[in-house]
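Welcome, and thanks for taking a look. Here is a short tour through one model, arranged by topic so you can follow along on screen.

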Amino acid sequence: MTGSAFGKIVACLAVVGVSLTSLQATAGPDDRVVVAQGVYPVSFDPHRDVTIPTINVNANIYDALLTRDADLKIIPALAVSQNRISDTVLELKLRKNVVFQNGEPFDAKDVKFSLDRVLNKDERSPQRGWINTVSSVDIVDNYTIRLTTTVPDPVLPARLTLINIVSKNYFEKVGNEGLAANPIGTGPYKVGKWVRGDYLDLDANEKYWGDVPQVKKARFRAIPDVAARIAALQAKNVDIITNLPPDYVAPIRKTAGLEVATVPSARVLFLGLVNTVPGPLQDLRVRQAINHAVNVDEIVKSLLLGYGIRAGDVNGHLLRLLGVDFKSKLYDYDPKKAKQLLTEAGFPNGFGIDMDTPNGRYLMDRDISQIIAAQLGEVGIKVNLKVHEWGNYAQMFTTHKVSPIYMLGWSLPSMDPDQWATPQFGADEPVSNFDDKEIQELVVAARQEMDADKRIKLYEKLNNVVHDKAAWLFLHQQIDLYGINAKLDWKPRADESLRLSDIKLR
């Protein structure tokens, strides 16, 4: 694609944000700190979803056994300590004098129930892959739990930071639908009023076992339209917005009472290339052609205004965040080579294919997809782009119902490389749409390696194999942009966790 053609596409995409002042935004209560995400949480049942907007809300209502602090180190939560009995047995001592928000006491039976629920295949929890090495959850006493795994699992503590604990007694009274409709946890906030698809009010839990947060009342809102989200921030009807478009960083910084916060994210954005169904994408040369056909550098430079870091593998960006000196391989932008590869694969005239994208979930997601569709068209791949509302889209990619090409951004607060490798490339995983035995063997080997240095080497090898086999159309590591009301003292985190208890009022 020529520079002028690319510029015209970017200019057309920018038109939507020209006149923000004409947009109306629904005002929130003055005494609530309002957070506006692009999408609404999928479920308030903490075991029913794996997406960050849902995790962000539920992490304020529920607690896990372990958690990550602001420096991304694993620290105690409902478990006060962990002890390796052996390579396959992990024992956790539980916190005493903790109560659920309905007054019921917390103990080991709730932990066993919650973990068993996620592990139960009949429950179809998309989180099962996070802890599916666990073969048994055993109660030693009311405040001691012992987890046995089928194989050595060095990642288990990191993944336990993602599994929230629910009350066994409460669930037995209300069931799946009752828990989702009236969530009860042990977290720093309890649920107030909520309107499905619009907002959820949270009120500080005065009986919380930890420090009671300074922000007593908060609201999570869903504002999918970027321009409307910015208008709401400018009108001071919301206090934090996610996915601030790069071209509004400077205007927001110049606006009195508003600030912009940025942080390199653990999220990597990519287009999945499905090889599990018959079609052109089963051919390696076609997948490589797709990577050569897209000018990712220009997308990052011209559309994201530099707020992105190119990525060429599954978790190399995360290794670097954790201090590992690893350099990703990258595909050159070479449309001529892309056409040559397509011809060698038997598609000299290209082919037609469906592509899915969300709208409002990731920074400039629909816009990026539109540019990619245009660039693929220039080498003969005629894309039928389908834009989806996030709630429906989340159900699609966790049930293998996506189109052969689909956009996804992957990040999980566990901050362990396995949480990028196993869900995306493990065998029989709910969100994996790429089947390759060599990759799967490397995923398993890295997941079970107890020696930290050997484990890093396995991930470096895995990243190179994933790149060479063009399992994705590799895009970029996201740099997260937030618009913030200056009355708040808050710093974003690389794991995208948005914890209301981290917010202070100036």
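How many bridges join strand 12 to strand 16, and do they run parallel or antiparallel? Six bridges join them, and the two strands run antiparallel. Please keep in mind that this is a predicted model. The briefing starts at strand 12 and its surroundings, then moves to two helices, an open sheet and a few loop residues.

**Strand 12 and its partners**

- Strand 12 spans residues 258-273, and 13 of its 16 residues are buried, so the strand is mostly covered.
- Strand 16 covers residues 405-410, and its Met407 stands opposite Leu271.
- Strand 12 also pairs with strand 17 (residues 472-485): 12 bridges join these two, again in an antiparallel arrangement.
- On that side, Glu259 has Ile484 of strand 17 as its bridge partner.

**The largest nonpolar core**

- The largest nonpolar core holds 154 residues, and the members that touch the most others are Ile131, Ile368 and Ile372.
- Strand 12 gives the most to this core, contributing nine residues.
- As general background, nonpolar side chains in soluble globular proteins tend to be buried together.
- Ile372 is a good residue to click on: beyond its neighbours within four places in sequence, it is in contact with Leu271, Val294, Ile299, Met355, Leu473 and Leu475.
- One of those contacts, Leu271, is the residue that faces Met407 across the pairing with strand 16.

**Helix 12**

- Helix 12 runs over residues 365-378, and its 14 residues should span 20 Å at 1.5 Å a residue; the end C-alpha atoms are 20 Å apart, which agrees.
- Buried residues in helix 12 include Ile368 and Ile372, both named above for their many contacts with other core members.
- Polar or charged residues are buried in helix 12 too, among them Asp365, Asp367, Ser369 and Gln375.
- Just after helix 12 comes Gly380, with a positive phi of about 105 degrees.

**Helix 15**

- Helix 15 (residues 437-448) has 12 residues and reaches 17 Å from first to last C-alpha, close to the 16 Å expected at 1.5 Å a residue.
- Its buried residues are Ile439, Gln440, Leu442, Val443, Ala446 and Arg447.
- Viewed down the helix axis, these buried residues fall within an arc of 160 degrees, so they line one face of helix 15.
- Lys437 and Glu441 are exposed on the other side of the helix.
- The cover over the buried residues of helix 15 includes helix 4 (156-160), helix 14 (418-425) and helix 16 (452-468).

**An open four-stranded sheet**

- Four strands make up an open sheet in the order 4-5-7-6, with antiparallel pairing.
- Strand 4 (79-86) and strand 6 (134-141) are the edge strands, each pairing on one side only.
- From one strand to the next, the twist averages 20 degrees.
- Strand 4 and strand 5 (residues 89-94) are joined by six bridges, and a hairpin connects them through two residues.
- Within this pairing, Asn83 has Glu91 of strand 5 as its bridge partner, while Ala79 stands opposite Leu94.
- Helix 3 (residues 108-119) lies across strand 5, strand 6 and strand 7 (144-149), at about 170 degrees to strand 6.

**Loop residues worth a look**

- Most residues other than glycine have a negative phi.
- Lys236, which is not a glycine, has a positive phi of about 60 degrees.
- Lys236 sits in the loop between helix 6 (226-234) and strand 11 (240-241), and counts as partly exposed at 38% relative accessibility.
- Glu496 also has a positive phi, near 65 degrees, and lies in the loop between strand 18 (488-489) and strand 19 (504-505).
- Is Glu496 buried or exposed? Glu496 is buried, because its relative accessible area of 7% falls under the 20% cut-off.
- Asp211 belongs to the loop between strand 9 (199-204) and strand 10 (217-222), and at 71% relative accessibility it counts as exposed.
- Asp211 and Ser501 are 290 residues apart along the chain, yet their C-alpha atoms are separated by 8.5 Å.

Key:
Residues are numbered from 1 along each chain as its sequence is written. This is a predicted model: local features need pLDDT of at least 70, side-chain atom pairs count only at pLDDT 80 or more; totals for chains, interfaces and linings use all residues. Side-chain values use heavy atoms; hydrogens and water are left out. A nonpolar core is a set of buried Ala, Val, Leu, Ile, Met, Phe, Trp, Tyr and Cys residues joined through side-chain atoms within 4.5 Å. Buried means under 20% relative accessible area, exposed over 50%, partly exposed in between (1.4 Å probe, protein chains only). Contact means heavy atoms within 4.5 Å. Two strands pair if DSSP finds at least two bridges between them. Axes are lines fitted to C-alpha atoms, for helices over the stretch in contact, and angles run from 0 to 180 degrees between N-to-C directions. The expected span of a helix is 1.5 Å times one less than its number of residues. The arc is that of the directions from the helix axis to the C-beta atoms.
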